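Trainee: I should like to learn how to read the inside of a protein model. Where should one begin?

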Amino acid sequence: TLTAAELPNLGYLVLRGRADDVAFMSGVAGVLGAPLPTRPRSVLRCAAGVVLWQSPDEWWLLCARNQR
């Protein structure tokens, strides 16, 4: 059985950058408090929300809508 439900009041931010760009990766890690995941299908849970790896240069940050 599969159940689908909307998760209300979520904010979505798309982060785009290169994983080999030290300035980008350290800047984002400084804001999130942890480094971005760099392995396919990996997830990071942090104080800001949940970061989902999408591709080598794209991550999604899911957070509370009022914290976007």
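Mentor: Please note that this is a predicted model. One may begin with the nonpolar core, a set of buried nonpolar residues joined through side-chain atoms within 4.5 Å. Here the largest such core has 13 residues, and those that touch the most other members are Phe-24, Val-28, Leu-32, Leu-36, Leu-44, Val-51 and Trp-59.

Trainee: Which elements give two or more residues to this core?

Mentor: They are the helix α1 (22-32) and the strands β2 (43-46), β3 (49-55) and β4 (58-64). The most comes from α1, which gives 4 residues.

Trainee: In what order do the elements of the chain run?

Mentor: From the N terminus on, the order is β-α-β-β-β. The chain thus holds 1 helix and 4 strands.

Trainee: How does one read the surroundings of a single residue, and with which residues is Val-51 in contact?

Mentor: One sets aside the neighbours within four places in sequence. For Val-51, the remaining contacts include Leu-32, Leu-36 and Pro-37, as well as Val-43, Leu-44, Trp-59 and Leu-61.

Trainee: What share of the contacts with a separation of 6 or more joins residues 24 or more positions apart?

Mentor: In this chain, such residues account for 38% of those contacts.

Trainee: What may be said of burial and of the surface?

Mentor: A residue counts as buried under 20% relative accessible area. Of the 68 residues in this chain, 32% meet that description. The accessible surface of the chain is about 5,100 Å², and carbon and sulfur atoms hold 55% of it.

Definitions and conventions
Residues are numbered from 1 along each chain as its sequence is written. This is a predicted model: local features need pLDDT of at least 70, side-chain atom pairs count only at pLDDT 80 or more; totals for chains, interfaces and linings use all residues. Side-chain values use heavy atoms; hydrogens and water are left out. Buried means under 20% relative accessible area, exposed over 50%, partly exposed in between (1.4 Å probe, protein chains only). Contact means heavy atoms within 4.5 Å. Accessible areas come from the Shrake-Rupley method with a 1.4 Å probe; for residues, only the protein chains shown count as cover.
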